[in-house]
Each structure stands twice: as C-alpha cells, then as structure tokens.
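Please open the model in your viewer and keep a selection tool at hand. The stops below can be followed in order.

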Amino acid sequence: MAWTKYQLFLAGLMLVTGSINTLSAKWADNFVAEGCGGSKEHSFQHPFLQAVGMFLGEFSCLAAFYLLRCRAEGHSDSSVNPQQSFNPLLFLPPALCDMTGTSIMYVALNMTSASSFQMLRGAVIIFTGLLSVAFLGRRLALSQWLGILATIAGLVVVGLADLLSKHNDQHKLSEVITGDLLIIMAQIIVAIQMVLEEKFVYKHNVHPLRAVGTEGLFGFVILSLLLVPMYYIPAGSFSGNPRKSLEDALDAFCQVGRQPLIALALLGNISSIAFFNFAGISVTKELSATTRMVLDSMRTVVIWALSLVLGWETFHSLQILGFLILLTGTALYNGLHRPLLSRLSRSRAPAEEGEHERLLGGTQTPINDTS
C-alpha cells in the first residue's frame, strides 16, 4: 500500500517530535539542583510531575481544535467543525490507560538505564499486534508480521549494545530488574490504549486534535489532583526527592527556580508532546495502531544517534547490526519489498488488505450516521 504525502508527513512529524520529547525529558533528568528548605543538590527526579506536563501538552491540542473550529465557521469544513454531538467521556478509558502507562514508565526510567528503557518499550508492538488481531479483527499480512518481529529484534540488539557499552552502572541489580518489569507492564497498558483509540477514532471519525485534547484534559485534571496525596505517600527507594515521598511537586518547583534550564527542558517536552500526540493519533486514524507502534519504536534509532553526537552514550559495534535490522523490519512492514518482487516476477502482486482492515468488516461508520 502506497502512502500519501499527508501520511508521510504525519509519520515524519511523529518520529521527529517523539524524539525531541524523549531527549528533552532525559535532558531534564540530567540536571542537579538544590530543592526546597536548603536541601542538598539532587537529581531532578519527578516522574509524575513530568507526566502532568505531558498531559498539559496534549490538552493544548484541544485549544488548537477550537481555534480551528472558530476559524472554520462559515465554511463547509466538516473535518474541523463537525455537526454531530460527541460524548467526551468515551475517551476516559484510553486517557486512564495513558495516565497509568506513562506514569509507570517515568518511574521505571529512574530505576533503570535509558538503553534498557528504549529496548523494552519495543515490547508494545507485540501486545498491540496481538490485541489488534484478537479484539479489532485485524488480519496482518505475513510481511507485516515479519516486519514487526524484525523491528523487535532490532530494538533488542540496539538495547543490548547500549547495555554492553556502559561501564559505570549506578543502579542496583534489584532496581534494574524492577524497572524493567515495570516497563513491560506499562507496554501492556499502552497497547490497550492504542487499540481503544483505533476502534473509537476510526468508528466515530473524531478529529485528531479533539481526541488528543480530550485525553489530555482528563489526564491533566486527574493526575494534578493526585499530586496532593502523592506528596504524603512514602515511596522509599522508589522516590528521588529528599522527603522520599511518591512525588514532591514543591521540591520540583524549587529546583526549577534554582536551575532555569530545567524549565526550558520541560517546556520543550510539553510542546513536543503536543505535536507528537496529534501526529500519533492521526497515524492511528489514517493507517493503524500497529503502524503507530512501529514508528514509535523507530525513535530508538534517532535517540541513539543523537545521544552519540551529544556524548551521552558510547558507540558499540553491535549497534550497527541493530540499526540494519530495524531498517529491514520497517521496509518489510511498509511493503517496500513488493516493487522488487513485482519486478522480479514480472507481475503485480495482489494488494494486501491487512493495513486498513478493521472491525465491522472494514467499514467506517461516521459519527453523524445513525446506528
């Protein structure tokens, strides 16, 4: 299946902004500053507050949607100004999945290395593919299955190379194991979120900006309220703040005041996540949830390359093999092998259905149609 220019733009936007999002979050985590009450300098480890910032970026998409809607008044643009009613509560389940999965991953990132984090996030492709087949009635082509498997293998190789290239691991073995298990657990939750979004967005034809903004509103409000009890919940070794609470937002604001570059990193994270989630849910709508996961996994390559340039990681020869496997998996999944096979066989292979086939027999039900 040939991609349109718009689909290619969405895929590129998701890849670039997703990479900026991860790099800006890592940049913020690398800062060390004093906290409140004259506490000693410590790392900026505030995973739940960073998750709130992520949802703030998503929430900004809702404001952008209504700005476009006001601008489109008086014009017949149904994609921006839909005439049908819409129940925002239908996005509460995927928003809760997003909030839970993201928070768990931010916590796990403080317990394990960045290379392990990126490697294990590739497990989401497995869960998304299985859930898409089981609950969305999807039929993936053999080449797409091979592409997914190759992508996972490439992520494993790149992650293994990152682990082998590190010589000064500051994390205890128990913390690394716990963090890795938390990452895998989070990928199951994220995969459920992706499948729920695909089934809902495709069926009801919701504008991507409105969908992302609605999820961001739920996540921002709920997680912001949860910051209050988190301030009093002891977390022990799971916490990185001086009070050893689950989250200390006041300590985070004090650190930002003493190190303004942290604010710059957080603002970069918020703005990039806004565009990233818009592009991500648009890819889900235009292509599929599995395609979104493959593109999301490809961020590992971009982050790995930029980390080498910035000197955050050391080069390992095994990373070359991982990069080539990732390219092979992407080519297989996107059907780049078909023109070569067609040229060799001198006949055009029949088009595969797997990519756009969804529930309800592959039919799309607009919101304004009565069910």
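The tour goes from the whole chain to single residues.

Before selecting anything, note that this is a predicted model, in which local features need pLDDT of at least 70 and side-chain atom pairs count only at pLDDT 80 or more, while totals for chains, interfaces and linings use all residues. Residues are numbered from 1 along each chain as its sequence is written, and side-chain values use heavy atoms, with hydrogens and water left out.

**The whole chain**

Colour by secondary structure, and 13 helices and two strands should appear, where helices (H or I, at least four residues) and strands (E, at least two) are DSSP runs numbered from the N terminus. Of the 371 residues, 50% count as buried, a class that means under 20% relative accessible area, with exposed meaning over 50% and partly exposed lying in between (1.4 Å probe, protein chains only). The protein exposes about 17900 Å², of which carbon and sulfur atoms supply 68%; such areas come from the Shrake-Rupley method with a 1.4 Å probe, and for residues only the protein chains shown count as cover. Among contacts (heavy atoms within 4.5 Å) between residues at least 6 apart in sequence, 82% join residues at least 24 apart.

**Confidence**

Next, colour by pLDDT, the predictor's confidence in each residue, from 0 to 100. The mean is 76, and 75% of the residues reach 70 or more. Among the elements, helix 9 has the highest mean pLDDT (91), and helix 13 (residues 338–345) has the lowest (65). Then select residues 347–371, over which pLDDT stays under 50 and for which the model has 51 contacts beyond four places in sequence.

**Two links to helix 9**

Select Cys-36 and Cys-254, which form a disulfide with their sulfur atoms 1.8 Å apart; the rule asks for a pair of cysteine sulfur atoms within 2.5 Å, and the count by this rule comes to one. Cys-36 lies in the loop between strand 1 (32–33) and strand 2 (42–43) and Cys-254 in helix 9, so the pair ties together parts that are 218 residues apart in sequence. Viewed along the S-S bond, the torsion is about 90°, so the disulfide is right-handed. Cys-36 is partly exposed at 28% relative accessibility, and Cys-254 is also partly exposed, at 21%.

Now add Glu-34 and Arg-258, which form a salt bridge with their closest N and O atoms 3.6 Å apart (a side-chain nitrogen of Lys or Arg within 4 Å of a carboxyl oxygen of Asp or Glu). Glu-34 lies in the loop between strand 1 and strand 2 and Arg-258 in helix 9, so this pair ties together parts that are 224 residues apart in sequence. The structure holds one salt bridge.

**A nonpolar patch**

Move to Ile-126, Leu-130, Val-133, Leu-142, Trp-145, Leu-146 and Leu-149, which form a nonpolar surface patch with about 640 Å² of accessible area together. Patches are made of residues with over 30% relative accessible area and no salt bridge, like charges being joined within 9 Å and nonpolar side chains (Val, Leu, Ile, Met, Phe, Trp, Tyr) within 5 Å. Helix 5 (123–135) and helix 6 (142–165) each supply at least two of its residues, and the largest share, four residues, comes from helix 6. Val-133, found in helix 5, is partly exposed at 35%.

**A last residue**

Finish at Lys-244, in the loop between helix 8 (208–230) and helix 9 (249–258), which has a positive phi of about 60° although it is not a glycine. Lys-244 counts as partly exposed, at 42% relative accessibility.
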